[in-house]
Amino acid sequence: MVLFLLFVLFSLFFLCTHVSSADTISADFTLSGDQTILSSGGTFKMGFFQPGNSTNFYIGMWYQELSIQTIVWVANRDKPVSDKKTSVLKISNGNLVLLDGNNQTPVWSTGLNSSSAHEAVLLDDGNLVLRDESGSPLWQSFDHLGDTWLPGAKIRYDKRTKKSQRLTSWTSIEDPAPGLFSVELDESTAYKILWNGSTQYWSSGRWNPQSKIFDSVPEMRLNYIFNYSFFSNATESYFTYSIYNKANISRLVMDVSGQIRQSTWLNNNNQWNLFWSQPRQQCQVYAYCGSFGICSDKSQPFCQCPRGFRPASQKDWDLKDYSSGCVGKTELQCSRGIVNQFLPLTNVKLPDNLEVWGITSFNTCGSACLGNCSCMAYAHDESSNRCLMWTKDVFNLQQFEEDYSEGNTLYLRLSASDMPSSSSSGKSNKAMIFGAVLGSLGAIALVLLAVIIMLRYCRRKRMRGEKSNGTL
């Protein structure tokens, strides 16, 4: 009996050591299958994970003690593996390398030229450090951030290379690949949020050394939880923060929503509590609903497709990734005899990327758009009689509330078969223009009108001539 108990204890000990190790990956310990490493203080754990219902596996880092698995860093963000049992994270040729499958194909690496890497250690602040035999760091995950900014990490601007370190959102809640939204520090000492790495839609304002806050973030004055620091010299600038009470858990995330969000963990409720976010309104996020998607801060979800349209990728929309936008239910065709019409969207914010076609009437504006196969939407500015057209993506289409009086009407091009039967109004009827048919009828009408005028002119001339001759 005693031998049996000893055997059970030994087996349990073996299983525990097989599943979870200390805080280090070395020549003597690699990560594969369900194996993990745990930071020395027990705050963070690292190993293979699957986001949501995804069938893909990633090497990631998460909080050990939280009831909700919250990923803070992913190694192979855009290169998942399909089998964690045959994949391995190990020290190889001076690097930390993830090898995939039976053929052991390299999927991810720290990418160093040095061959002196000895071990990788997971620290209790969430930083994974690759170091040599003397303990000197060669590489660290804090220099290669994903979507999460942990206390102690820095987002830098390199003044020598003019390059900024970025915090980049996931593509969706089940795909950690770099998404469309990112935040970075620019040369003016302001943090900015970008869409697709180029279009800025929010800025923190410049750092104010007197008040020690960013000009557009007055919430930073409420610094009873966070201790903020900004540093700048001849070679770099960076911002970092720490937490006064080390028992508190906090993170700052470039979210899939396009908002940057700072949250703290509430032990009593076992959930994250949102402390601060920007932009404050979801519809202020550039192109959040994709092309032709309508954003409304009063609806859930925030994104909807216009009538006659559908999500371009329903699967992505189900994962809260609306970037694919909306498409017409029937593919548009632009040829003689094909009927296209216009769907009026009232009380909306007009999309970006407009083109001014000219100064003209409402009817002529609609006809011009219909006659241009590239024209996807138009609007008419009554105050200036400008004809506005959209020939590419229709981004940032926002629905205002009913009591908002400064909205505009946008006319979206649709196949006649997709037109809702209830969409009729004074101007919408005018907007239902029949392409080539309208052109032909217009030409015929002008000819008939000219003939009628000429006949009437000739008849009046003849009558005047007969009257002068006394025949009447």
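**Exercise 1. The disulfide of Cys289 and Cys303**

Task: In this predicted model, determine whether Cys289 and Cys303 are buried or exposed, and then describe the bond between these two cysteines.

Solution.
Step 1. Begin with accessibility: Cys289 and Cys303 are both buried. The cut-off applied here is a relative accessible area under 20%.
Step 2. Turn to the sulfur atoms. Those of Cys289 and Cys303 lie 2.0 Å apart, and the two residues form a disulfide. A disulfide is a covalent bond between the sulfur atoms of two cysteines.
Step 3. Assign the handedness. The S-S torsion of Cys289 and Cys303 is about -85°, so this disulfide is left-handed.
Step 4. Place the pair in the chain. Cys289 belongs to the loop between S24 and S25, while Cys303 is in strand S26 (residues 303-304); the bond thus links distant parts of the chain, 14 residues apart.

**Exercise 2. Further disulfides**

Task: State how many disulfides a search of the whole structure finds, and characterise the one that joins Cys283 to Cys295 and the one that joins Cys305 to Cys326.

Solution.
Step 1. The search of the whole structure yields five disulfides.
Step 2. For Cys283 and Cys295, the S to S distance is 2.1 Å. The torsion about their S-S bond is about -90°, so the handedness is left.
Step 3. Cys283 lies in the loop between S24 and strand S25 (294-295), and Cys295 in strand S25 itself, so the bond ties together parts that are 12 residues apart in sequence.
Step 4. The relative accessible area is 10% for Cys283 and 5% for Cys295. Because buried means under 20%, Cys283 is buried, and Cys295 is buried also.
Step 5. For Cys305 and Cys326, the S to S distance is 2.1 Å. A torsion of about -90° makes this disulfide left-handed.
Step 6. Cys305 is found in the loop between S26 and strand S27 (309-311), and Cys326 in strand S28 (residues 326-328); the two are 21 residues apart. Cys326 has 3% relative accessibility and counts as buried.

**Exercise 3. Strand S29 and its partners**

Task: Explain why strand S29 (residues 340-349) is described as largely enclosed, and identify the bridge partners of Leu343 and Lys349.

Solution.
Step 1. Of the 10 residues of S29, eight are buried, so the strand is largely enclosed by the rest of the structure.
Step 2. S29 runs antiparallel to strand S34 (residues 408-415), and seven bridges join them. Within S34, Leu412 is the bridge partner of Leu343.
Step 3. S29 also pairs with strand S33 (residues 397-399), in the antiparallel sense and over two bridges. Here Lys349 has Gln398 as its bridge partner.

**Exercise 4. A four-stranded sheet and the largest pocket**

Task: Give the strand order of the open sheet that contains S22, and relate its strands to the lining of the largest pocket.

Solution.
Step 1. The order is S12-S22-S23-S24, with antiparallel pairing. At the edges are strand S12 (148-149) and S24, each of which pairs on one side only.
Step 2. S23 and S24 are joined by seven bridges, and Trp265 stands opposite Trp272 in S24.
Step 3. The largest pocket holds about 810 Å³ of space. Its lining comprises 30 residues, and those closest to the centre are Ile173, Arg251, Asp255, Val256 and Arg261.
Step 4. Strands S22 (250-254), S23 (260-266) and S24 (271-278), together with strand S15 (166-172), each supply at least two lining residues. The most comes from S22, with three.
Step 5. By class, this lining has 15 nonpolar, 10 polar and five charged residues.

**Exercise 5. The cavities**

Task: State how many cavities of 30 Å³ or more the structure holds, and describe the lining of each.

Solution.
Step 1. There are two such cavities.
Step 2. The largest cavity has about 220 Å³ of space. Among its 17 lining residues, Phe214, Met220, Phe239, Leu252 and Trp276 lie nearest the centre.
Step 3. Strand S18 (199-208), strand S21 (236-243), S23 and S24 each give two or more residues to this lining. Its classes are 14 nonpolar, two polar and one charged.
Step 4. The second largest cavity has about 50 Å³. Its lining consists of Val72, Trp73, Gly126, Ser141, Phe142, Leu145, Thr148 and Leu150, of which five are nonpolar, three polar and none charged.

Conventions. Residues are numbered from 1 along each chain as its sequence is written. This is a predicted model: local features need pLDDT of at least 70, side-chain atom pairs count only at pLDDT 80 or more; totals for chains, interfaces and linings use all residues. Side-chain values use heavy atoms; hydrogens and water are left out. On a 1 Å grid over the protein atoms alone, a cavity is a set of points where a 1.4 Å probe fits but cannot get out, and a pocket is an open set with protein on both sides within 12 Å along at least five of seven lines; lining residues have an atom within 4 Å of a point. Grid points are joined across faces, edges and corners, and a volume is the space filled by probe spheres set on the points. Ala, Val, Leu, Ile, Met, Phe, Trp, Tyr, Cys and Pro count as nonpolar, Asp, Glu, Lys and Arg as charged, and the others, Gly among them, as polar. Two strands pair if DSSP finds at least two bridges between them. Buried means under 20% relative accessible area, exposed over 50%, partly exposed in between (1.4 Å probe, protein chains only). A disulfide is a pair of cysteine sulfur atoms within 2.5 Å.
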